[in-house]
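Student: Could you take me through one small part of this model in detail, and then show me what surrounds it? I'd like to learn how to read a place like that one step at a time.

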Amino acid sequence: MGSDGVKVLGAWPSPFVLRVRIALRIKSVAYEFVEENVVVSKSELLLKSNPVHKQIPVLIHGDKPICESLVIVEYVDEAWPSSGPSILPSHPYDRATARFWAAYLDTKWFPKLRAILFGGGEETSALEEVTQGLVWLEEALILKGQNLNFFGGEKIGYLDIALGSFLAWVRVVEKRSNVSLIDEDKTPNLFKWAHHFSTHPAVKDVLPQTDKLLDFAQYLIAKLGPSRTTSN
Amino acid sequence: MAEDLKLFRTWSSPYSLRIVHALKIKGLEYDTVLEDLSNKSESLLKYNPIHKKVPILVHNGKPICESLVILEYIDETWKQSPLLPQDPYEKAMARFWAKFGDEKVLLSIWSAFTSQGKEQEEAIATTANNLKFIEEQLKGKKFFGGETIGYLDLAFGWMANLISIFEEICNLKLVDAELYPLLSTWMDNFSNDPVIKELWPPRDRMVEKFKAMREPYLSKVIV
């Protein structure tokens, strides 16, 4: 690999890996995707590149590994400033807002979404929290302006990537638990946003198909047992 | 010209302290609203309805929440005395380690502080592993930010403040100067830096507070 080559260690079902791929596609950065099967075992390269967490995604730029999906997305935005549109908003307050919501998604919201799927007895309260989170995000989207397609405004941005990367998993939960999370009536703006996001050129070829992901989810649940999945 | 800046915090919250120090480094003046978390103000709940926590920085009437997000906001809004490195890779590293600090190190140290017996032994072992990574980050540097205190120093600042307090209360050594020479030196340098020193919460009050916080854990049955 050349001194500027880009490698992504990841796995197709992971929403965190998806964030990195979307960011690189927005910037038109070519990369080699190394599919890791972390459920079975972790490669030497992964363990060497992420000794702290031993998790995907890892972006390796030249010989430098960068870990943690949101850290990687910001890195991609800053390392390739002119090869594509900006990912983070330009105004500090908008950046802070986007980062706030992304942190909320990762620390509070997604663990609850996962809890609905993987059980452990918390499903009902988890569903309430996930629903409430989506209402907040609906409000945040409305605040941006009614006719804008994305949290990033007219173009896809950091918060779109942070939330949108979970879209396929949201669909899986909707199918499996027979609920409507991003609902046309309850969260109409998010509903439209979901369509814009999933059909965006930087997203559509890498967003996992719901049925394929559902099969994977069943496999994971069977293999690991309820409420014993690791976070990614 | 004074900025319209308000900081909602408590007298002891390490997350709030990050912001107090950052604002000091930037030379910014602001109003402080001291909160009692057992009786949260209307304003706190209005400005941070999602988490209902401190710190909250309110700039020109607009709230920013989550301490690490606030630090980046401060750094991006006021360019003097930069907190984060300019280089994208160095910046990514600072963000990575700050996250590691909050998500893993803080947890393991808190666990070591509040648990007993076998659970405590495990927490101590996890802490030791975590601290090894941090020790490595200080090679060749006085502060994580280089010659001067930066974002990552502020993010890890709680260690310089709280570890010796936890050690005193538990009669336990968590950061042995022989095992972690760089980290120990950093903790001293950080605590004694003029910017930091004058804003440290009173130690006796902190010891009292954390002793009280530990009580409920002690009454659990030792496994």
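Tutor: Let's start at B:E66, which is partly exposed, with a relative accessible area of 27%. Keep in mind that everything here comes from a predicted model. To see why that value earns the label "partly exposed", recall that buried means under 20% relative accessible area and exposed means over 50%. B:E66 sits in the loop between β4 and α3 of chain B. Its backbone deserves a look too: B:E66 has a positive phi of about 80 degrees, although it is not a glycine.

Now step from that loop into helix α3 of chain B, which spans residues 67-77. Is this helix mostly open or largely enclosed? Of its 11 residues, 10 are buried, so the rest of the structure largely encloses it. The buried residues are B:S67, B:L68, B:V69, B:I70, B:L71, B:E72, B:Y73, B:I74, B:D75 and B:E76. What covers them? On the chain B side, the cover includes α1 (14-25), β3 (56-59), β4 (62-65), α4 (88-114) and α6. Chain A takes part as well, since the cover also includes its α4 (92-118). Let's follow several of these neighbours in turn.

We can begin with β3 of chain B. The loop between α2 (42-47) and β3 of chain B holds B:P55. A cis peptide bond joins B:V54 and B:P55, with omega at about 0 degrees.

B:L5, in strand β1 (residues 5-9) of chain B, touches several residues, among them B:L57, B:V58 and B:H59. Its other contacts beyond four places in sequence include B:L23, B:L28, B:Y30 and B:W78. With 2% relative accessibility, B:L5 counts as buried. For a sense of scale along the chain, the C-alpha atoms of B:L5 and B:S219 are 43 Å apart, with these positions 214 residues apart in sequence.

Next comes α4 of chain B, another part of the cover over α3(B). Take B:S108, which lies in this helix. It has 6% relative accessibility, so it counts as buried. Leaving out residues up to four places away in sequence, B:S108 touches B:A123, B:T126, B:T127 and B:N130.

The last chain B neighbour to follow is α6, at residues 151-170. At what angle does α6(B) cross α7(B)? Two packed helices are described by the angle between their axes and the distance between the axes. Here the axes of α6(B) and α7(B), the latter at residues 181-192, come within 9 Å and cross at roughly 95 degrees. That makes α6(B) roughly perpendicular to α7(B). On the α6(B) side, the contact uses B:D153, B:L154, B:F156, B:G157, B:M159, B:A160 and B:I163. They meet B:L183, B:W186, B:M187, B:F190 and B:S191 in α7(B). Sorted by class, that contact has 9 nonpolar, 2 polar and 1 charged residues.

Now cross over to α4 of chain A, which also helps to cover α3(B). Within its own chain, the axis of α4(A) comes within 10 Å of the axis of α7(A), at residues 167-177, and the two cross at roughly 30 degrees. The crossing is left-handed. A:W109, A:L113, A:I116 and A:L117 in α4(A) meet A:W169, A:V170, A:V172, A:V173, A:R176 and A:S177 in α7(A). By class, this contact has 8 nonpolar, 1 polar and 1 charged residues.

While you are in chain A, look at the loop between α2 (44-49) and β3 (58-61), where A:P57 is found. A cis peptide bond, with omega about 0 degrees, joins A:I56 and A:P57. The loop between α2 and β3 of chain A also contains A:K54. A:K54 has a positive phi of about 55 degrees without being a glycine, and a relative accessible area of 38% makes A:K54 partly exposed.

Finally, here is what the record adds. An unreviewed UniProt entry places "domain: GST N-terminal" at residues 3-82 of chain B. Over that span the chain is 36% helix and 21% strand, and the end C-alpha atoms are 18 Å apart. For chain A, UniProt gives the feature "domain: GST N-terminal" at residues 4-84, again from an unreviewed entry. That span is 36% helix and 21% strand, with its end C-alpha atoms 17 Å apart.

Notes. Residues numbered from 1 in each chain as written. Chains lettered and ligands numbered in written order. Predicted model: local features only at pLDDT ≥ 70, side-chain atom pairs only at ≥ 80, totals over all residues. Heavy atoms only, no water. UniProt positions renumbered as here; feature names shortened; annotations may be inferred. Helix = DSSP H or I, 4+ residues; strand = E, 2+ residues; numbered from the N terminus. Axes fitted to C-alpha atoms, helices over the stretch in contact; angles between N-to-C directions. Parallel < 35°, antiparallel > 145°, perpendicular 65-115°, else oblique. Contact = heavy atoms within 4.5 Å. Nonpolar A, V, L, I, M, F, W, Y, C, P; charged D, E, K, R; others polar. Buried < 20%, exposed > 50% of the residue type's maximum accessible area, 1.4 Å probe, protein only. Left-handed = near helix turned anticlockwise from the far one by under 90°.
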